[in-house]
Amino acid sequence: MTARAAGEGGRDADGTLRDRIVPGVRLFVLSAPLLAGIGACGRLIGWVALTTTIGPTAYLLLAHPGTVSARWRAAVVGHGAAIGIGLACLAAFGLWRHPSIVERHQDTPAQIGAQALAVGLTLFTLHLLDAHHAPATATALLITSGISRPGPPLYGMLTGLALVLTLAPLLSLVTSGRAKARDKTGKAGTA
C-alpha cells in the first residue's frame, strides 16, 4: 500500500501517529505533575496520598472526560460508596484493627470474604445509583485488604482522592477548552 493510498479519507500514516502523540503528550504533561503533586502533598502531611486507586481515576478524568465513567458525579459517588462499603465490611468481618495483607504477606479467609463482598456491593451500588466508576472497586479493596485501613492510611487515600477528584477535572477542562479554541482558530483560518 502506498503512502497515497494510506492517506485516503484525509489521513496518512504521519497524521495518524501525530493524532496519537499530541493527546499522549497532553496526558503525560497533565498526569505526571498531578500525581507527583498529590504524592508530595501526602509526604508533607505524613500520609501516603498516592494509592493505586488514584492512577485509574486520574486516567478516566483526564483521558476520557466525556464518558459516563468519568463524570464527576460518578467518580465522587463511586468512591464515596466504596469507602462506606469498605469500612462496613471491615467492621462486619471484625477486621478494623487486623494487620493488612502487606504486613501478613497473605490475606486471611475473613479478608478474602470482606474484599469479595465489598467489591460485589460496590458494583451493585454503582449500578443502582447509575454512577459507573470502575476505580472505585480498587478503593473498596484497598480498605478491606487493610492497606488503607482506618487511620493515617485511610486519611492519606482520602486526601489523594479529594485532590485528584478536584484537580483532574479542572485540568481537563482548561486544556480541552484551549484545544477547542485552537481547533476553531485553525478551522477558521482554512475556510
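Throughout these legends, buried means under 20% relative accessible area, exposed means over 50%, and partly exposed is anything in between (1.4 Å probe, protein chains only). This is a predicted model, so local features need pLDDT of at least 70 and side-chain atom pairs count only at pLDDT 80 or more, while totals for chains, interfaces and linings use all residues. Residues are numbered from 1 along each chain as its sequence is written, and side-chain values use heavy atoms, with hydrogens and water left out.

**View 1. The whole chain, an all-α pattern.** There are eight helices and zero strands here, and the order along the sequence reads α-α-α-α-α-α-α-α. Both element types are DSSP runs numbered from the N terminus: helices are H or I with at least four residues, strands are E with at least two. Of the 191 residues in the protein chain, 32% are buried. Take contact to mean heavy atoms within 4.5 Å; then, among contacts between residues at least 6 apart in sequence, 72% join residues at least 24 apart. The chain exposes about 11,000 Å², and carbon and sulfur atoms supply 68% of that. Areas come from the Shrake-Rupley method with a 1.4 Å probe, and for residues only the protein chains shown count as cover.

**View 2. The largest nonpolar core.** A nonpolar core is a set of buried Ala, Val, Leu, Ile, Met, Phe, Trp, Tyr and Cys residues joined through side-chain atoms within 4.5 Å. In soluble globular proteins, nonpolar side chains tend to be buried together. The largest such core in this chain has 31 residues, and the members touching the most others are Leu-34, Ile-38, Leu-61, Ile-143, Met-157, Val-164 and Ala-168. Helices H2 (13-45), H3 (54-63), H4, H6, H7 and H8 (152-190) each chip in at least two residues. H4 gives the most, with seven. Zoom in on Val-164 and, ignoring neighbours within four places in sequence, you'll find Leu-34, Ile-38, Ile-54, Thr-57, Ala-58, Leu-61 and Pro-169 in contact with it.

**View 3. Helix H4, end to end.** The 21 residues of H4 should span 30 Å at 1.5 Å a residue, and the end C-alpha atoms are indeed 30 Å apart. That expected span is 1.5 Å times one less than the number of residues. The buried residues of H4 are Ala-74, Ala-75, Gly-78, His-79, Ala-81, Ala-82, Ile-83, Ile-85, Gly-86, Cys-89 and Leu-90. Just after H4 comes Gly-94, with a positive phi of about 65°.

**View 4. Helix H6 and its two sides.** H6 runs over residues 109-128, and its 20 residues reach 28 Å from first C-alpha to last, close to the 28 Å expected. Its buried set is Gln-111, Ala-114, Gln-115, Ala-118, Val-119, Thr-122, Thr-125 and Leu-126. Looking down the axis of H6, these buried residues fall within an arc of 135°, so they line one face of the helix. The arc is taken over the directions from the helix axis to the C-beta atoms. They pack against helices H4 (72-92), H5 (101-104) and H7 (135-144). On the other side of H6, Pro-109, Ala-116, Phe-124, His-127 and Leu-128 are exposed.

**View 5. Thr-139 in its pocket of neighbours.** Thr-139 sits in helix H7 and is buried, with a relative accessible area of 0%. Not counting residues up to four places away in sequence, Thr-139 touches Thr-53, His-79, Ala-82, Ile-83, Met-157 and Leu-161. With His-79 there is also a side chain to side chain polar contact at 2.8 Å. A polar contact is a pair of N or O atoms within 3.5 Å; within protein, one must be able to donate a hydrogen and the other to accept it, and residues adjacent in sequence count only if both atoms are side-chain atoms. Over towards H6, Thr-139 and Val-119 are 20 residues apart in sequence and 9.0 Å apart in space, C-alpha to C-alpha.

**View 6. Three loop residues.** Ser-100 lies in the loop between H4 and H5 and counts as buried at 5% relative accessibility. Leaving out residues up to four places away in sequence, Ser-100 touches Gln-111, Ser-145, Gly-146, Ile-147 and Arg-149. Most residues other than glycine have a negative phi. His-105, in the loop between H5 and H6, has a positive phi of about 65° although it is not a glycine, and it is exposed at 72% relative accessible area. Asp-130, in the loop between H6 and H7, is not a glycine either and has a positive phi of about 50°. At 41% relative accessibility, Asp-130 counts as partly exposed.
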